[in-house]
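User: I have a structure open and I want to learn how its labels are earned. Can we go through some of them together?

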Amino acid sequence: MRARRLSVLAATAAAIALPVIAAPAATAAPAAHAAVASVNCHKQGPWKIHTSAVRIHSKPSSKSTVLGVLYKGHKWSHGKTHGSWVHVKDKTTGVSGWASMRYVYPTIYTCLD
């Protein structure tokens, strides 16, 4: 019984070790083909609502009064920011106030040279 356990253990160890031993060594891409992010290439895209709807608050605080809801399909504009809050105006309903930048933020593009 003990000999059988040893042979099963050895076969399992060999099956696990074989792919590691047979795998080719990893090599880095040549420097000429390496992608590097350019410092001057970052640009900010349009502001978007990244959820189906976001609450519009009277102050930049989740504890403040909710004035309305800004839905993803509404026309809206953004203004100044305060910490993690942005001032928005829902052009569809006319309500303006503060929205959390967890849900409303610009698209950031990064270019590779």
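User: Leaving aside its neighbours within four places in sequence, which residues is Lys 91 in contact with?

Analyst: This is a predicted model, so keep that in mind throughout. Lys 91 is in contact with Lys 75, Trp 76 and Ser 77, once neighbours within four places are set aside. Lys 91 is found in the loop between β5 and β6. Its C-alpha is 5.3 Å from that of Lys 75, while 16 residues separate the two in sequence.

User: Why is Lys 91 called exposed?

Analyst: Its relative accessible area is 55%. The label needs over 50%. The value passes the cut-off, so Lys 91 is exposed.

User: What makes Asp 90 count as buried?

Analyst: Asp 90 has 0% relative accessibility. Buried means under 20%. The value falls under the cut-off, so Asp 90 is buried. Asp 90 is found in strand β5.

User: What does Asp 90 touch, leaving aside its neighbours within four places in sequence?

Analyst: The list is Ile 56, Val 69, Leu 70, His 74, Lys 75, Trp 76 and Val 95. Gly 68 is 22 residues away along the chain, and its C-alpha is 9.0 Å from that of Asp 90.

User: How do you know that the side chains of His 74 and Asp 90 make a polar contact?

Analyst: The distance is 2.8 Å. A polar contact is a pair of N or O atoms within 3.5 Å, one able to donate a hydrogen and the other to accept it. The distance is inside that limit, and the pair is listed as a polar contact between side chains. His 74 lies in the loop between β3 (66-71) and β4 (76-82). Beyond four places in sequence, His 74 touches Val 69, Asp 90, Thr 92 and Thr 93.

User: Why does Ser 64 count as buried?

Analyst: Its relative accessibility is 13%. The cut-off for buried is under 20%. The value meets it, so Ser 64 counts as buried. Ser 64 lies in the loop between β2 and β3. A polar atom of its side chain lies 2.7 Å from the backbone oxygen of Ser 61. Setting aside neighbours within four places, Ser 64 is in contact with His 57, Ser 58 and Lys 59.

User: Pro 60 is in the loop between β2 and β3. Why does Pro 60 count as partly exposed?

Analyst: Pro 60 has 28% relative accessibility. Buried needs under 20%, and exposed needs over 50%. The value sits in between, so Pro 60 is partly exposed. Pro 60 touches His 82, Trp 85 and Trp 98, not counting residues up to four places away. For Pro 60 and His 82, the C-alpha separation is 6.9 Å, with their positions 22 residues apart along the chain.

User: What makes Tyr 103 partly exposed?

Analyst: Tyr 103 has a relative accessible area of 35%. That lies between the 20% and 50% cut-offs, so the label is partly exposed. Tyr 103 lies in the loop between β6 (96-100) and β7 (104-109). Its contacts beyond four places in sequence are Lys 48, Ile 49, His 50, Thr 51 and Val 54. Lys 48 is 55 residues away along the chain, yet the two C-alpha atoms are separated by 8.3 Å.

User: Which residues line the largest pocket?

Analyst: Tyr 103 is one of them, along with Ala 53, Val 54, Arg 55, His 57, Ser 62, Trp 85, Ser 100 and Arg 102. By class, four are nonpolar, three polar and two charged. β2 gives the largest share, four residues. The pocket holds about 160 Å³ of space.

User: What makes up the largest nonpolar core?

Analyst: Ten residues do: Trp 47, Ile 49, Val 54, Ile 56, Leu 70, Trp 76, Val 86, Val 88, Ala 99 and Val 104. β1 (43-49), β2 (53-57) and β5 (85-90) each supply at least two of them. In soluble globular proteins, nonpolar side chains tend to be buried together.

User: How many helices and strands does the chain have?

Analyst: There are one helix and seven strands. From the N terminus, the order is α-β-β-β-β-β-β-β. Of the 113 residues in the chain, 20% are buried.

Conventions. Residues are numbered from 1 along each chain as its sequence is written. This is a predicted model: local features need pLDDT of at least 70, side-chain atom pairs count only at pLDDT 80 or more; totals for chains, interfaces and linings use all residues. Side-chain values use heavy atoms; hydrogens and water are left out. A nonpolar core is a set of buried Ala, Val, Leu, Ile, Met, Phe, Trp, Tyr and Cys residues joined through side-chain atoms within 4.5 Å. Buried means under 20% relative accessible area, exposed over 50%, partly exposed in between (1.4 Å probe, protein chains only). Helices (H or I, at least four residues) and strands (E, at least two) are DSSP runs, numbered from the N terminus. Contact means heavy atoms within 4.5 Å. On a 1 Å grid over the protein atoms alone, a cavity is a set of points where a 1.4 Å probe fits but cannot get out, and a pocket is an open set with protein on both sides within 12 Å along at least five of seven lines; lining residues have an atom within 4 Å of a point. Grid points are joined across faces, edges and corners, and a volume is the space filled by probe spheres set on the points. Ala, Val, Leu, Ile, Met, Phe, Trp, Tyr, Cys and Pro count as nonpolar, Asp, Glu, Lys and Arg as charged, and the others, Gly among them, as polar.
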